[in-house]
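Colleague: I am new to this structure and would like to understand the reasons behind the terms used for it. Could we go through them one at a time?

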Amino acid sequence: MPEGTLEVLLIAAKGLENTDFLCNMDPYVILTFTSQEQKSSVASGKGSDPEWNETFMFTISEGASDLKIKIMDSDTGTEDDYVGEATIPLEPLFLEGNIPPAAYNVVKEEEYRGEVKIGLKFVPEERNDRGYNVAEEGNYGGWNQSS
């Protein structure tokens with residue numbers, strides 16, 4: 001698995017199932033990659049078609065292959081409602097390095113519940129693989145033969 005940084009651009013969602021019956025819902029997103037979890041801002045009153053335009057960064061160093069997107073509806077006074085989720089495979093990203101914004105299906109109980117638009121970027125970690133170079137030996141206090 002490559003190492004580096006995963007940059008996630010959370011753009012918007014559309015066609016989400018409205019979990020609030022009397023008013024527009026207040027959706028937010030929980031992004032999970034391995035043990036790392038980040039949360040978007042709450043799109044207050046934006047209902048089924050919220051926009052966020054937020055960027056999140058994750059460190060890639062372990063063997064995970066998916067990014068999990070969980071959409072919730074923020075409720076005051078009661079537990080937040082689960083709207084649905086999307087799982088995004090990252091293997092194509094590691095091959096391409098960049099995936100332009102695309103729509104991913106949001107599902108709940110194996111049924112389509114709308115879509116979320118996300119862009120992905122992978123920035124590989126720069127490796128400093130230094131080989132042994134005799135010419136550099138003198139610069140590090142190594143043994144130099146006198147002539």
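Modeller: Let us begin with surface area: accessible areas come from the Shrake-Rupley method with a 1.4 Å probe. On that basis the chain, which is a predicted model, exposes about 9,100 Å², and carbon and sulfur atoms supply 46% of this area.

Colleague: What makes up the chain, and in which order do the elements run?

Modeller: The chain has one helix and eight strands, and from the N terminus on they follow the order β-β-β-β-β-β-α-β-β. Of the 147 residues in the chain, 36% are buried.

Colleague: What makes a set of residues a nonpolar core, and which residues have the most contacts inside the largest one?

Modeller: The members must be buried residues of certain kinds, Leu, Val and Ile among them, joined through side-chain atoms within 4.5 Å. The largest such core here has 31 residues, and those with the most contacts inside it are Leu6, Val8, Leu67, Ile69, Val116, Ile118 and Leu120. The elements that give two or more residues to this core include strand E1 (4-14), strand E5 (66-73), helix H1 (91-96) and strand E8 (111-124). As for Ile118, its contacts beyond four places in sequence include Val8, Ile69, Ile88 and Tyr104.

Colleague: How do you know that Glu54 has no salt bridge?

Modeller: A salt bridge needs a side-chain nitrogen of Lys or Arg within 4 Å of a carboxyl oxygen of Asp or Glu. For Glu54, which is buried, the nearest side chain of opposite charge is Lys39, at 11 Å, and therefore the residue has no salt bridge by the 4 Å limit.

Colleague: Why is the pairing of Glu54 with Ser41 called a polar contact?

Modeller: The term asks for N or O atoms within 3.5 Å, one able to donate a hydrogen and the other to accept it. The side chains of Glu54 and Ser41 are joined at 2.3 Å, so the pair falls inside that limit and is counted as a polar contact. Glu54, which lies in strand E4, also touches Val8, Leu9, Leu10 and Ser40.

Colleague: What makes the pairing of Tyr112 and Glu115 a polar contact as well?

Modeller: Their side chains are joined at 3.5 Å, and the cut-off is within 3.5 Å, so this pair is counted too. Tyr112 is found in strand E8 and, leaving aside residues up to four places away in sequence, touches Asn105, Val106 and Val107. The C-alpha atoms of Tyr112 and Gly15 are separated by 9.7 Å, although these residues are 97 residues apart along the chain.

Terms used. Residues numbered from 1 in each chain as written. Predicted model: local features only at pLDDT ≥ 70, side-chain atom pairs only at ≥ 80, totals over all residues. Heavy atoms only, no water. Helix = DSSP H or I, 4+ residues; strand = E, 2+ residues; numbered from the N terminus. Buried < 20%, exposed > 50% of the residue type's maximum accessible area, 1.4 Å probe, protein only. Contact = heavy atoms within 4.5 Å. Lys, Arg positive; Asp, Glu negative; His and termini not counted.
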